[in-house]
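Work through these exercises with the model open beside you. Try each task before you read its solution.

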Amino acid sequence: MSEPDIAIIGAGPAGLIAAERLAKAGHSVAIYERMASPARKFLLAGRGGLNLTHSEPLDVLLDRYGEARPWLEPAIRAFPPQALRDWADGLGAESFIGSSGRIFPRAMKASPLLRAWLARLDGLGVTLHAGRLWSGWDENEALRFALRDGGEESARPRAALLALGGASWPRLGSDGSWVELLQQKGIAIAPLRPANAGFSVAWSSLMRERFAGQPLKRIALSFAGQRVLGEAMIDADGIEGGAIYALSGPLREALARDGAAILTIDLRPDLTEPELVSRLAKRRQGETMSNHLRKAAGLSPVAAAVLREATNGPLPAEPNALAELTKAAPLRLTGMASITRAISTAGGIPTEEIDRDFMLKRLPGVFVAGEMLDWEAPTGGYLLQACFATGVAAAEGIGRFLTTRHAQA
Ligand SMILES: Cc1cc2nc3c(=O)[nH]c(=O)nc-3n(C[C@H](O)[C@H](O)[C@H](O)COP(=O)(O)OP(=O)(O)OC[C@H]3O[C@@H](n4cnc5c(N)ncnc54)[C@H](O)[C@@H]3O)c2cc1C
């Protein structure tokens, strides 16, 4: 096999955008992917509506990355949401801003965008080697790949990009098996943990049987000083959905520390407690509690069931107590869903291990990008935004690295 200038390992969004940038700059680029076809997680992401990025002010968007903001910020400013939209538009996947401010391609799916993208990469001369599992370096420091037929291949590019993703949905290709390979090179890795995942709740059998699969709409969730408006979904083992995911980082840490976490649910965030008290004060004689809650407080049967789970007994009849409970129903979470079912991964390669060009300090010439880096963010387009932006930044870094090396040679 002829040696490419650059080997990109992992054909997810971070790897593919880097390949595009580098091929456009005139480099020869080969992509190596363990699965039989590229970007399986990107395709799955498109199933529920491909949320590419978000339209909120950049400063607000950057805060979504929490502690990782300072080191992700230069990459996101250099490839901000508008650049991502322009890029998608350029591939015929014109995007629009949804009512929540989230940005989607008009087709909602990832497949038309991916098809056009792969055709563009092909036109740029990028070669895609599927069915190659990267398994580290050989004794000559060449990249080693295991083939499906049991054979092996190696490559000795001038620079390499690892864009291997996190460890969620491992059957789509990203399983975090790279962690050990990098640890063997002395690189510290923050443990991979689930992010944007659901939590377990010990529901009563009535709740499980009658309400699993039902949404709690227009609620507010509070935990550790953070309040999030949105939706959640009851499932047989617990609760999941956008508003839960947004709190999944602090909830995960509290569970690891304390073994349980109490989440507070406001089932009518649009009403003040006094407004709710005055509505709940008007209960007709003989009216069942369920009807009263539905008519006076506008609570759906599933919302009323959440109140019952919170008290683990009869609901208070007194309007003040009922309003207080509706505005702050406590829900005890006992565990987090496994990383195999999470939308994304927290942990990974920490900022201390990379330079400003996303090159591993201990492995000159080896760059990293995407979800394998140690950052996390809620759903809302922030995950893909950071994967694309770090892929672009690593490509720029590789370009600079090769130019400097060339000048020195
Ligand atoms: C159900 C679901 C819905 C989602 N929806 C959204 C959304 O709407 N918006 C959003 O912003 N984000 C969404 N995400 C998250 C988003 O898809 C990921 O953050 C993103 O795909 C990560 O990109 P990446 O390139 O870093 O890694 P990945 O997309 O995981 O790609 C990594 C690639 O590397 C390959 N690989 C791994 N190890 C090896 C190896 N040893 N050798 C060779 N190849 C290897 C994998 O097979 C994979 O193809 C969603 C995720 C899920 C699971």
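**Exercise 1. The domain interface**

How many salt bridges does the rule find across the interface of domain 1 and domain 2?

Solution. Note that this is a predicted model.

Step 1: Find the two parts. Domain 1 covers 6-194 + 339-408, and domain 2 covers 199-336. Their C-alpha centres lie 38 Å apart.

Step 2: Look at the contacts. On the domain 1 side, 8 residues are in contact with 8 residues of domain 2. There are 2 residue pairs in polar contact between the domains, both residues at pLDDT 80 or more.

Step 3: Count the salt bridges. The rule finds 2 across this interface.

Step 4: Check a pair by its distance. The closest N and O atoms of R193 and E253 are 3.7 Å apart. The cut-off is 4 Å, so a pair of Arg and Glu at this distance counts as a salt bridge.

**Exercise 2. The size of the interface**

About how much area do domain 1 and domain 2 bury between them?

Solution. Step 1: Choose a quantity. Interface size is often given as the accessible area lost when the parts come together.

Step 2: Read the value. The two domains bury about 550 Å² between them. Of this area, 49% is on carbon and sulfur atoms.

**Exercise 3. A sheet of 7 strands**

Why is one side of β17 and of β18 left without a neighbour in the sheet?

Solution. Step 1: Write down the order. The open sheet runs β17-β16-β13-β14-β15-β12-β18, with antiparallel pairing.

Step 2: Go to the edges. β17 (329-333) and β18 (335-336) stand there, and each has a single partner strand, so one side of each lacks a neighbour.

Step 3: Inspect one pairing. Strand β12 (residues 199-200) is joined to β18 by 2 bridges, and the two run antiparallel. Here F199 stands opposite M336.

Step 4: Add the helix. Helix α14 (residues 319-327) packs on the sheet and touches β16 (261-266) and β17. The directions of α14 and β16 make an angle of about 110 degrees.

**Exercise 4. A sheet of 3 strands**

Which residue in β5 stands opposite F96?

Solution. Step 1: Set out the strands. The order is β3-β5-β4 in an open, antiparallel sheet. β3 (53-54) and β4 (95-97) are at the edges, each with a single partner strand, so each has one side without a neighbour in the sheet.

Step 2: Follow the pairing. β4 pairs with β5 (residues 102-105) over 3 bridges.

Step 3: Name the residue. F104 stands opposite F96.

Conventions
Residues are numbered from 1 along each chain as its sequence is written. This is a predicted model: local features need pLDDT of at least 70, side-chain atom pairs count only at pLDDT 80 or more; totals for chains, interfaces and linings use all residues. Side-chain values use heavy atoms; hydrogens and water are left out. Two strands pair if DSSP finds at least two bridges between them. Helices (H or I, at least four residues) and strands (E, at least two) are DSSP runs, numbered from the N terminus. Contact means heavy atoms within 4.5 Å. Axes are lines fitted to C-alpha atoms, for helices over the stretch in contact, and angles run from 0 to 180 degrees between N-to-C directions. Domain bounds come from an automatic or database domain assignment. Buried area is the accessible area (1.4 Å probe) that two parts lose on being put together, summed over both. A salt bridge is a side-chain nitrogen of Lys or Arg within 4 Å of a carboxyl oxygen of Asp or Glu. A polar contact is a pair of N or O atoms within 3.5 Å; within protein, one must be able to donate a hydrogen and the other to accept it, and residues adjacent in sequence count only if both atoms are side-chain atoms.
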